[in-house]
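Dear colleague,

I am handing over the structure below. My notes on what was found follow it.

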Amino acid sequence: MFFPGELYDCRESLRRLRVSWFLQLVAAISRQAKVPMVQITRSIALNATPAQVWSLVGGFKSVPDWHPAVASSAHGMLGEAETRRLSLEGGGEIYEKSLGSDAMSYGYEIVESPLPVANYKAIISVVDAGGKAVFVWSATFEDLAEGAGLAAVTGVFDGGLASLAVKFP
């Protein structure tokens, strides 16, 4: 035989159990949602003047001229920002938006990409080191695949630097 107080205690215990389970679920989802930001910088000293290197890599539209993974680039506008849709060798596209430029650098962000990254922003620059050029490529992003995003971006960067090393031996 149950008394009204015991029935209440049973319902209250069940409610507490549901609340506890719900809070544990929210905490687990929250832990998974926190993706750390990754930063990568690659650079290479080249046997050319900064002006020579910038004439090849400078500007938002030049990537197909020097990066072997990029077959072509289509340009457009997103509001007042310049955009590019890079068609990759072997298939796939990366849609990027310009963040602006100055004399020998420009910034961009990825809008859409098959890469396992989010909130990707990068800067490409050419620095004068005693009359010789140093090409610098830096990016920050969230790696959505526990290291696979960093590996993919590292491969993209290293492929570009290797190509520049061949063009400016």
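Strand S3 (81–88) contributes three residues to the lining of the largest pocket, the most of any element. Please keep in mind that this is a predicted model. Other elements that give two or more residues to this lining are H3, strand S4 (93–102), S5, S6 and H4. The pocket has a volume of about 230 Å³, and 18 residues line it. Nearest its centre lie Leu86, Ile94, Glu96, Trp137 and Val156. By type, the lining has 15 nonpolar residues, two charged and one polar.

Next, the core. The largest nonpolar core has 33 residues. Those that touch the most other members are Val57, Trp66, Tyr120, Phe135 and Trp137. At least two core residues come from each of strand S1 (37–46), helix H2 (50–57), helix H3 (63–66), strand S5 (105–112), strand S6 (117–129), strand S7 (132–143) and helix H4 (148–167). Trp137 thus appears both in this core and in the pocket lining.

Beyond four places in sequence, Tyr120 touches Tyr108, Glu109, Ile110, Trp137, Ala139, Thr140, Phe141, Val153 and Phe157.

One last residue is Ser163, which is found in helix H4. Is Ser163 buried or exposed? Ser163 counts as buried because its relative accessibility is 14%, and the cut-off for buried is under 20%. Apart from neighbours within four places in sequence, Ser163 is in contact with Trp66 and Pro68. A polar atom of the Ser163 side chain lies 2.7 Å from the backbone oxygen of Trp66.

Regards

Notes. Residues numbered from 1 in each chain as written. Predicted model: local features only at pLDDT ≥ 70, side-chain atom pairs only at ≥ 80, totals over all residues. Heavy atoms only, no water. Core = buried A, V, L, I, M, F, W, Y, C linked by side-chain atoms within 4.5 Å. Buried < 20%, exposed > 50% of the residue type's maximum accessible area, 1.4 Å probe, protein only. Helix = DSSP H or I, 4+ residues; strand = E, 2+ residues; numbered from the N terminus. Contact = heavy atoms within 4.5 Å. Polar contact = N/O pair within 3.5 Å; in protein donor to acceptor, adjacent residues only side chain to side chain. 1 Å grid on protein atoms, 1.4 Å probe; cavity = no way out; pocket = protein on both sides within 12 Å on 5 of 7 lines; lining within 4 Å. Points joined across faces, edges and corners; volume = space filled by probe spheres on them. Nonpolar A, V, L, I, M, F, W, Y, C, P; charged D, E, K, R; others polar.
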